[in-house]
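Hi everyone, thanks for coming. I'd like to walk you through a structure that's new to most of us, so have a look at this.

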Amino acid sequence: HDPTVQSFGINIFSGAASGILGAAAGSPFFLVKTRLQSYSPFLPVGTQHNYNGAADGMRKIYQSEGIKGLYRGVGPAMVRTGFGSSVQLPTYFFAKRRLVKHLGMKEGMPLHIASSTASGFVVCCVMHPPDTIMSRMYNQTGNLYKSAFDCLYRTIKTEGIMAMYKGYFAHLARILPHTVSLSLQHLGSGFADVRQILTLTLAEQTNKYMRRVESRFGFIGTKAAM
């Protein structure tokens, strides 16, 4: 009944569940986006898919491969987003508490930026390997990879373990501004986009639902400084 009582395990589970559901719902759109971004009529790199926009891409994929084609790579997409969502907010609040306790930082923008930077680094570390697999499965032609595990095995076998972290710093450069702007919203700074609004809205609704579950089953949370 106390909204300041938090369970680290419940927070991870809630974040992972919402991330997995979101990835499953958005996978076809992410698939088309990846293929549209990869296409170049002048300097083709990798597998090329020529679509006249997102709607045309989804139509062509459905006509040639059916529903299964639209959900190609949904497995690693769910793992990717589940990993990222499960650690984003817990690591943010964990870093925030440690900075307050050990460095004496006060509530404000410097604390939020430092906490979100730490969170963004962790998110990128856990998300990047499944993100690499997802991108390769999205952009393949035919059935080059039998499954996500086959893609993982073949990539490491031919390119080494560090192939899983190709493009890591570019990914980190994308993640950090997102997590920083997410934290700045707590200050009412207005650095919000639709994705971030949905992230916080769904997080709040999930927290309310999990509090009801905790109350019903008698789960005991641990006190967390928010």
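I'll start with confidence, then go on to the cores and one pocket.

So, this is a predicted model. Mean pLDDT for the protein is 79, with 80% of the residues at 70 or more. Where is confidence highest, and where is it lowest? Helix H5, residues 148-159, comes out on top at a mean of 91, while strand S2, residues 222-223, is at the bottom with 44. Two stretches stay under 50: residues 187-194, with 10 contacts beyond four places in sequence, and residues 222-226, with 15 such contacts.

Okay, on to the inside. In soluble globular proteins, nonpolar side chains tend to be buried together. Here, the largest nonpolar core has 8 residues: Leu31, Val32, Tyr51, Ile61, Leu70, Ala77, Met134 and Tyr138. Helices H1 (8-38), H2 and H4 (109-138) each give two or more residues to that core. Apart from it there's another core, of 5 residues, including Ile133, Met137, Cys151 and Met164.

Let's stay with Tyr138 for a second. Which residues does Tyr138 contact, leaving aside neighbours within four places in sequence? They are Ser27, Phe30, Leu31, Thr34, Arg35, Arg72, Gly73 and Ala77.

Now, Arg72 and Gly73 turn up again in the second largest pocket: along with Lys68, Met137 and Asn143, they lie nearest its centre, out of 15 lining residues. Helices H2 (54-70) and H3 (74-103) each give two or more residues to that lining. The pocket's volume is about 240 Å³, and its lining has 5 nonpolar, 6 polar and 4 charged residues.

Definitions and conventions. Residues are numbered from 1 along each chain as its sequence is written. Side-chain values use heavy atoms; hydrogens and water are left out. pLDDT is the predictor's confidence in each residue, from 0 to 100. Helices (H or I, at least four residues) and strands (E, at least two) are DSSP runs, numbered from the N terminus. Contact means heavy atoms within 4.5 Å. On a 1 Å grid over the protein atoms alone, a cavity is a set of points where a 1.4 Å probe fits but cannot get out, and a pocket is an open set with protein on both sides within 12 Å along at least five of seven lines; lining residues have an atom within 4 Å of a point. Grid points are joined across faces, edges and corners, and a volume is the space filled by probe spheres set on the points. Ala, Val, Leu, Ile, Met, Phe, Trp, Tyr, Cys and Pro count as nonpolar, Asp, Glu, Lys and Arg as charged, and the others, Gly among them, as polar. A nonpolar core is a set of buried Ala, Val, Leu, Ile, Met, Phe, Trp, Tyr and Cys residues joined through side-chain atoms within 4.5 Å. Buried means under 20% relative accessible area, exposed over 50%, partly exposed in between (1.4 Å probe, protein chains only).
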